[in-house]
Amino acid sequence: MSSVPEREEIEDRYRWDLESIYATDDDWETAYEAVEERLGELRAYEGRTTDDGETLLETLRLRDELMRTVGTVVAYARMRSDEDTRDQEYQGMKSRAQALSTAAASAASFVEPEIQSCSRDDIESMIEETDGLERYDHYLEDTLRTKKHTRSAAAETFSMLTDADLTFPTVERPDGTAAEITQSNLTSLLKEPDREFRRTVYETFYDELGNYRNTIGTTLSKAVKSHVKLAEAREYGSAREAALDGPNVPVEVHDNLVATVHEEIDVLHRHAELKRDALDVPDLRMWDLYVPMTESESPELAYEDAREHVVDALAPLGEEYQSRVAEGLRSQWVDVYENRGKRSGAYSGGTYDTQPFILMNWQGEVADMFTLAHELGHSLHSQLTSESQPYVYSDYDIFVAEVASTVNETLLTRHLLETVEDERFRRHVLNEYLERFRSTLFRQTMFADFEHRIHARIEDGEALTPDVLDETYGDLKREFYAPATLEGGIEREWERIPHFYYDFYVYQYATGIAAAAAIVDRILETGE
């Protein structure tokens with residue numbers, strides 16, 4: 001019997017309130033059809049977008065109106081399907097929503113090329129002559145900036161394989177009970193105190209994952225090739241340059257991050273040595289990396305208690321921020337517990353016209369409390385942005401998004417160390433923050449380096465086979481975790497990382513935590 005419940009076994013108060021978006025699936029269908037019927041209105045502007053300022057303003061307003069609805073239609077279908085990736089009805093809705101999104105993007109595809117056919121002087125004249133067009137000034141400027149370069153299914157394939165189709169074996173705990181391995185609980189199982197059990201979990205997981213090595217390797221190779229081909233078509237020097245140009249981040253930022261972390265790798269080595277000593281083992285193995293440097297397992301933490309800690313910790317951000325967080329947690333923003341078929345991991349979702357939503361897979365550990373604080377940072381950032389900015393400027397870049405979330409994590413750490421007297425709990429808080437710093441600054445930089453290397457290989461005309469992926473990842477893992485013994489399939493860890501499909505995404509976690517640490521210092525020192 002599985003210990004992971006079916007969704008209907010979880011109380012409503014621990015499930016997000018998607019009915020606040022559409023009360024029924026029929027309402028979703030109505031919104032879907034309304035957008036589908038109006039795409040022709042948008043296409044009617046093709047060829048005359050920039051005839052004059054009024055026409056340009058009408059085009060942009062209609063496009064934004066339709067895209068706002070499309071965003072909500074897609075978000076609802078995606079979150080419904082994430083509740084249980086085995087549900088074919090909601091998988092079908094998600095596919096239809098994605099098709100609608102593609103159709104809407106196609107219908108709007110003429111807008112930016114037509115804007116780019118104008119000079120900056122032409123656009124400035126239209127803004128001066130047209131009341132209301134000034135709102136789009138920055139958008140128009142940015143569109144002209146990328147004029148030269150105007151121009152994935154692989155990620156969806158990976159998600160369906162690892163979340164819906166791939167089932168891992170059940171292993172026996174030291175006490176004789178069964179433990180079902182999932183993508184969501186792998187890290188939790190690798191924190192358990194019995195070393196031989198951790199080894200069994202680790203080897204069972206990677207042995208099973210290895211059965212899909214060629215499929216996942218081919219999927220990743222196709223994703224990288226698509227990034228490279230798209231960059232070439234848009235006349236960029238590399239896929240990395242193309243990806244970083246969207247948020248207008250110089251490639252030197254990426255280079256500097258990777259170079260600096262490599263230069264300071266001895267800090268990570270020191271951490272590994274400290275962990276080896278704390279665990280009192282002759283050699284640190286890959287199944288030891290997640291074990292807390294404490295004398296006991298993580299205190300079991302009820303979701304309600306964690307919520308209270310998080311809300312209290314955010315006091316330095318002001319009463320309004322605190323009250324928004326508290327109200328959101330009472331209003332079913334969060335889908336709390338794991339259920340069978342549920343998408344693994346955690347994220348903050350929602351759209352410009354909805355409340356925030358947070359997906360979690362709560363395991364009752366200190367780490368989950370930090371994840372909750374992290375995702376709430378994203379949610380509040382999104383909510384405040386939607387209230388303060390027009391739709392055209394509401395989609396902030398990931399380069400800054402991770403700052404809000406890691407500020408919350410750092411404030412939580414500071415708060416708990418100042419207010420909690422339980423030494424066991426305090427040790428776990430310290431360990432959690434050290435682990436997050438390790439996994440965010442060092443691990444994500446390692447991922448960024450791996451991503452850069454495999455893209456460069458394709459750009460140099462070389463093959464990207466599973467063997468090459470193993471070798472490239474293994475070399476980096478050995479450099480970053482030199483004090484540890486790297487046997488047992490860790491070179492295949494790339495097979496379980498979804499972010500490699502998102503095109504130079506992960507480095508921003510590392511730059512975000514660096515910025516967040518500095519910002520928290522300023523907040524606590526100045527009060528602003």
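How do the axes of helix α10 (residues 213–233) and helix α19 (residues 466–480) cross, and within what distance do they come? The legends below begin with that pair. This is a predicted model, in which local features need pLDDT of at least 70 and side-chain atom pairs count only at pLDDT 80 or more, while totals for chains, interfaces and linings use all residues. Residues are numbered from 1 along each chain as its sequence is written, and side-chain values use heavy atoms, with hydrogens and water left out.

**View 1. Helices α10 and α19 at their crossing.** The two axes come within 9 Å and cross at roughly 80°. Axes here are lines fitted to C-alpha atoms, for helices over the stretch in contact, with angles from 0 to 180 degrees between N-to-C directions. The pair is therefore roughly perpendicular (65 to 115 degrees; under 35 is roughly parallel, over 145 roughly antiparallel, and the rest oblique). From α10, the contact (heavy atoms within 4.5 Å) is made by Arg213, Asn214, Gly217 and Leu220, and from α19 by Pro466, Asp467, Leu469 and Asp470. These residues divide into 3 nonpolar, 2 polar and 3 charged; Ala, Val, Leu, Ile, Met, Phe, Trp, Tyr, Cys and Pro count as nonpolar, Asp, Glu, Lys and Arg as charged, and the others, Gly among them, as polar. Helices (H or I, at least four residues) and strands (E, at least two) are DSSP runs, numbered from the N terminus.

**View 2. Helix α9 and its surroundings.** Helix α9 (residues 195–210) has 16 residues and reaches 22 Å from its first C-alpha to its last, close to the 22 Å expected at 1.5 Å a residue (1.5 Å times one less than the number of residues). At its N-terminal end, Asp194 acts as a cap, with a side-chain oxygen 3.2 Å from the backbone nitrogen of Glu196. Among the buried residues of α9 are Phe197, Arg198, Tyr202 and Glu208 (buried means under 20% relative accessible area, exposed over 50%, partly exposed in between, with a 1.4 Å probe and protein chains only). What covers the buried residues of α9 includes β1 (170–172), β2 (178–180), α8 (186–189) and α10.

**View 3. Lys275 in helix α13.** Look for Lys275 within residues 265–279, the span of α13. Lys275 counts as buried, at 1% relative accessibility. Its side chain reaches the backbone oxygen of Val291 at 3.1 Å. Leaving aside neighbours within four places in sequence, Lys275 is also in contact with residues including Asp288, Tyr290, Met293 and Glu435.

**View 4. Thr526 in helix α20.** Thr526 belongs to α20 (residues 507–526) and is exposed, with a relative accessible area of 55%. A polar atom of the Thr526 side chain lies 2.7 Å from the backbone oxygen of Arg522.

**View 5. Asp280 and Asp503, two loop residues with positive phi.** Most residues other than glycine have a negative phi. Asp280 has phi near 55°; it sits in the loop between α13 and β3 (284–285) and is exposed, with a relative accessible area of 68%. Asp503 has a phi of about 65°; its loop runs between β7 (484–485) and α20, and Asp503 is partly exposed at 24%.

Technical notes
Polar contact = N/O pair within 3.5 Å; in protein donor to acceptor, adjacent residues only side chain to side chain.
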